[in-house]
Amino acid sequence: MKEDEKIFMLWMLYEEYKNPVIKTFNFPFSIHRKRNWYLLDKWSSKDYIEYGTSINNVWLTDKGRKFFKETIEKDYWLW
């Protein structure tokens, strides 16, 4: 797993605490939008996230929240 993917996961967990619907176009780091959409599509196909009519507004599933925390805990000691 690439570092930008882990950073994106961490950012999504942080954003979820502020608002359950995450606005992915507000990502503050420099990941190209195509990479951003690729990651969102990848996670959506694995049922880690869900989105309604727009992939710009997503929310984490319980499975995704657990996976993101476990993945981040392996490299970062935040929890």
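Trainee: How many positive and negative side chains does the chain have, and how far apart are the centres of the two sets?

Mentor: In this predicted model, there are 14 positive and 12 negative side chains, with the centres of the two sets 4 Å apart. A search of the whole structure turns up 7 salt bridges.

Trainee: What makes Glu-16 and Arg-65 a salt bridge?

Mentor: Their side chains meet at 2.7 Å, N to O. The cut-off is within 4 Å, between a side-chain nitrogen of Lys or Arg and a carboxyl oxygen of Asp or Glu, so the pair qualifies. Glu-16 sits in helix α1 and Arg-65 in helix α3 (residues 62–75), 49 residues apart, so this pair links distant parts of the chain.

Trainee: Why is Glu-16 called buried, and why is Arg-65 called partly exposed?

Mentor: Buried means under 20% relative accessible area. Glu-16 comes in at 16%, so it counts as buried. Arg-65 is at 22%, and partly exposed runs from there up to the exposed cut-off of over 50%, so that label fits.

Trainee: And what makes Asp-62 exposed?

Mentor: Its relative accessibility is 63%, so it passes the over 50% mark. Asp-62 also forms a salt bridge with Arg-65, the closest N and O atoms being 2.7 Å apart. The two are 3 residues apart in helix α3, so about one helical turn separates them.

Trainee: How do you know that Glu-5 and Arg-35 tie together separate parts of the chain?

Mentor: First, their side chains meet in a salt bridge at 4.0 Å, N to O. Glu-5 lies in helix α1 (residues 3–18) and Arg-35 in helix α2 (residues 33–45), so the pair ties together parts 30 residues apart in sequence. Glu-5 is at 4% relative accessibility, so it counts as buried. Both residues also belong to a salt-bridge network with Asp-4 and Lys-42.

Trainee: Why is Glu-50 called partly exposed?

Mentor: Its relative accessible area is 39%, and since that is neither under 20% nor over 50%, it lands in between. Glu-50 lies in strand β2 (residues 49–51). Leaving aside neighbours within four places in sequence, Glu-50 is in contact with Asn-57, Val-58, Trp-59 and Thr-61.

Trainee: Zooming out, which elements make up the chain, and in what order do they run from the N terminus?

Mentor: There are 3 helices and 3 strands, running α-β-α-β-β-α. The radius of gyration is 12 Å, close to the 12 Å from the globule rule for 79 residues, so the chain is as compact as a globular protein of that length.

Note on methods:
Residues numbered from 1 in each chain as written. Predicted model: local features only at pLDDT ≥ 70, side-chain atom pairs only at ≥ 80, totals over all residues. Heavy atoms only, no water. Helix = DSSP H or I, 4+ residues; strand = E, 2+ residues; numbered from the N terminus. Buried < 20%, exposed > 50% of the residue type's maximum accessible area, 1.4 Å probe, protein only. Contact = heavy atoms within 4.5 Å. Rg over C-alpha atoms; globule rule 2.2 N^0.38 Å. Lys, Arg positive; Asp, Glu negative; His and termini not counted. Charge placed at Lys NZ, Arg CZ, Asp CG, Glu CD.
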